[in-house]
Amino acid sequence: MNLLLDLDGTLVDTNASKFDDIKFGRDRNFALSDIPIVPGAMDFVAEIKRRGHPVAIISDSHAAYVGPVSEKVFETPWLALADKPNTAKVGAFLESEFGFPRHSLPEEFLFVGDTRLDIQLARGLSLPSALIFRGVDDVPHDPYHNEENSWARRHMEGATYTCRSFEDLLQIVESPAKQRLVLEDPIGTAAARLHNGRNRNDGY
């Protein structure tokens, strides 16, 4: 499986406004030690690669920041200024890097991110996706819905999978059919997926 990973909020904890100058390319003198890595992110990427799964980072941030972090911290190919959820630039990158869609199938990919834009991009490319969020604080507050309902609403945003940790994500990579929330047809229409003996381990 080819993993396409969002950077900010997924692999590095840089959603705070104090990192904006770095992410937008205005501060190009930053040190890599200034970038807080999400706990477990480096180990996850290393383990995924060790198991033979190609990895690439897809980010909306500036190349002056995405490039050094991707190459020197995670040692992966990367695409900056992706313009999510626009599919044009990412589609061209996938064609050059993975031969998609001419030489590879959508089911051979997993797009992982922490925002709705990541999921919308994946759906625009007809790729499976995983929405990662790690706690109650990641669910937007809504005074008219309790936490359980908010959790359900996040599930309905369209991701093929949801997870709270890199450990959950690794299980998705290794047994996607067992972890899937929905089964999607080629044009992205979602249908209910039941976990039973017939489809528990049927690959993608």
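This passage describes the strand order of the sheet, a helix lying across two of its strands, and the salt bridges of a predicted model. Residues are numbered from 1 along each chain as its sequence is written, and side-chain values use heavy atoms, with hydrogens and water left out. Because the model is predicted, local features need pLDDT of at least 70 and side-chain atom pairs count only at pLDDT 80 or more, whereas totals for chains, interfaces and linings use all residues.

The model contains an open sheet of 6 strands in the order E3-E2-E1-E4-E5-E6, with parallel pairing; strands (E, at least two residues) and helices (H or I, at least four residues) are DSSP runs numbered from the N terminus, and two strands are taken to pair if DSSP finds at least two bridges between them. The edges of the sheet are formed by strand E3 (78-79) and strand E6 (161-163), each of which has a single partner strand, so that one side of each is left without a neighbour in the sheet. Strand E1 (residues 2-5) runs parallel to strand E4 (residues 109-113) and is joined to E4 by 4 bridges, and leucine 5 has valine 112 in E4 as its bridge partner. Helix H2 (residues 41-50) lies across E1 and strand E2 (55-58), running at about 160° to E1, where axes are lines fitted to C-alpha atoms, for helices over the stretch in contact (heavy atoms within 4.5 Å), and angles run from 0 to 180 degrees between N-to-C directions.

The structure holds 7 salt bridges, each defined as a side-chain nitrogen of Lys or Arg within 4 Å of a carboxyl oxygen of Asp or Glu. Within helix H2, glutamate 47 and arginine 50 lie 3 residues apart, about one turn of the helix, and form a salt bridge whose closest N and O atoms are 2.7 Å apart. Glutamate 47 also forms a salt bridge with arginine 51, with the closest N and O atoms 2.6 Å apart, and Glu47, Arg50, Arg51 and Glu174 are linked in a network of salt bridges. Arginine 50 is exposed at 60% relative accessible area, whereas arginine 51, at 37%, is partly exposed (buried means under 20%, exposed over 50%, and partly exposed in between, with a 1.4 Å probe and protein chains only).

A further salt bridge joins aspartate 118 to lysine 84, the closest N and O atoms being 2.6 Å apart. Aspartate 118 lies in helix H5 (residues 116-124) and lysine 84 in the loop between E3 and helix H4 (88-98), so the pair ties together parts that are 34 residues apart in sequence. Aspartate 118 is buried, with a relative accessible area of 1%, and lysine 84 likewise counts as buried, at 9%.
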